[in-house]
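Q: I would like to take a close look at one part of this model, the place where the ligands sit. Please walk me through it.

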Amino acid sequence: MGDRLPAFAVSSARLRRDLEHVAGYGATVSGGVSRTSFSAADREVRAWLAATCEQAGLVMRTDGVGNVFVRLDAPGAPAGAPPVWAGSHLDSVPEGGRFDGALGSLAALEVVRRLAEERVPLRRPVEAVVFADEEGNYHHLFGSTALARGFTSDELGELRGRDGDLLVDALRGMGFDGAAATRTAVRPGDVHAYAELHIEQGSVLESAGAAIGVVTAIVGMGGGHLEFRGRQDHAGTTPMPMRRDALRGAGELLVRLPDVARSVSDDAVVTCGILHVEPGGANVVPGVVGMSLDFRDPERSRLLDLEEAVVAAARDAAHRHDLEVAYTRESITDPVPLDPRVQELVATVAACHGMETRRLPSGAGHDAQNMARLAPAGMIFVPSVGGRSHSPAELTTWEDVEAGANVLLGVVHALATE
Ligand code: HGY
Ligand code: MN
Ligand code: MN
């Protein structure tokens, strides 16, 4: 498998044009992209994708939560043959980069276009998939979670965005089929295999001088919310020793997080990227502080230890400042090993192209970790300049973009014709 490369390549000029064009949807003055899910920019990029598929004669459909599927049928294949999926996401973090997700989505589209143009005889259909809300405006890996396990209407009804808006309102506003939102789950076996091209978002490949990363596993990750409660008071008249300032507890915890992570493992990381200070007045002692936490470790037991250690440190900080603290777990996603056979296929295709490869785990989360529950799943990484990501500084060279897309083409071609 994979030792017969397709006799054609992707159109790197077309892929580059698409990537540059899509970077215009939600473009920021800093040169990055703010295309959070279900925003106006997300709506625009979806309209562009629909028009592009129509022009190419490809059939596109959108499920009840906004996952998009661009399908290439395999005319001679048995009816109902499970498709090969290749994809990623087109949403971004606030002030993100141009490549995270867009690369894998547009490369998958390019692969489908090339297979169609070359009229490759396929043994099963191929679908380019653009997963909704990978970056968790409402729920991290939202669209792929909806495919892997589905959401009940109660669960959907509770989800809110970073701005506090309700997910169900956003879905309705986007015009998705609300009745289908709880019927997105697919069964293991409904998908033949899954492949995702993505930027590395770290500096391993760049340091190793390798063009292609063969991803071995994806880190385990958790999300949670801490709320420190003290007493709201006047900033001018409340003596310092008498205050129950909620931000003091949150601040002390923040300073301790590096030690907390180190106490669990050398790979553990904890981030607070959102802090809500209430009521939020310069002359008011904060009464309540909400902290959004993202914590990760490559081993599940250590991930749970990390969560426990953070909560214990929060209780300690609360106690020292005469505060109360409550913790709510929002998600735990297990670390996932990627399929050894797909890993081998990626390595073989890259080797056939004469590309240098390196095996590495992913410290970032990806929809592939949900797809791995449904089918053999693999990921291809390409280098990130300076290891920068989730920032407008995100950059991958066009040469590496082309190399990665051609490896994706070879992998999907092999999976669809084996
Ligand atoms: O947060 C992550 O790791 C991914 O970029 N969504
Ligand atoms: Mn990301
Ligand atoms: Mn991504």
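To start with, how far is a nitrogen atom of ligand 1 from an N or O atom in the side chain of His 140?

A: The two atoms are 2.8 Å apart, a polar contact (a pair of N or O atoms within 3.5 Å). Please keep in mind that this is a predicted model, where local features need pLDDT of at least 70 and side-chain atom pairs pLDDT 80 or more, while totals for chains, interfaces and linings use all residues. Residues are numbered from 1 along each chain as written, chains are lettered from A and ligands numbered from 1 in written order, and side-chain values use heavy atoms, without hydrogens or water.

Two further side chains reach oxygen atoms of ligand 1. For Arg 296, an N or O atom of the side chain is 2.7 Å from such an oxygen, and for His 390 the distance from a polar side-chain atom is 3.0 Å. Of the 210 Å² of accessible area that ligand 1 has on its own, the protein covers 93% (Shrake-Rupley method, 1.4 Å probe). The residues around ligand 1 (a heavy atom within 4 Å) are Glu 134, Glu 135, His 140, Arg 296, Ala 364, Gly 365 and His 390.

Glu 135 and His 390 take us on to the metals. Together with Asp 100, they coordinate the manganese ion (ligand 2), through OE of Glu 135, NE2 of His 390 and OD of Asp 100, at 2.0 to 2.2 Å. Glu 135 lies in the loop between strand 4 (126–131) and helix 4 (142–148), and His 390 in the loop between strand 15 (377–382) and helix 12 (398–417), so this pair ties together parts 255 residues apart in sequence. Glu 135 is buried, at 10% relative accessibility, whereas His 390 is partly exposed, at 42% (buried is under 20%, exposed over 50%, partly exposed in between).

Asp 100 also coordinates the manganese ion (ligand 3), and the two manganese ions are 3.5 Å apart. The protein donors of ligand 3 are OD of Asp 100 and the NE2 atoms of His 89 and His 198, lying 2.0 to 2.2 Å from the ion (donors are N, O and S atoms within 2.8 Å of the metal, or 3.2 Å for Na, K and Ca). In sequence these donor residues are spaced H-x10-D-x97-H. His 89 belongs to strand 3 (residues 84–89), while Asp 100, 11 residues away, is in the loop between strand 3 and helix 3 (102–117) (DSSP runs of at least four residues for helices, at least two for strands). His 89 is buried at 0% relative accessibility, and Asp 100, the bridge between the two ions, is buried at 7%.

Key. Buried < 20%, exposed > 50% of the residue type's maximum accessible area, 1.4 Å probe, protein only. Polar contact = N/O pair within 3.5 Å; in protein donor to acceptor, adjacent residues only side chain to side chain.
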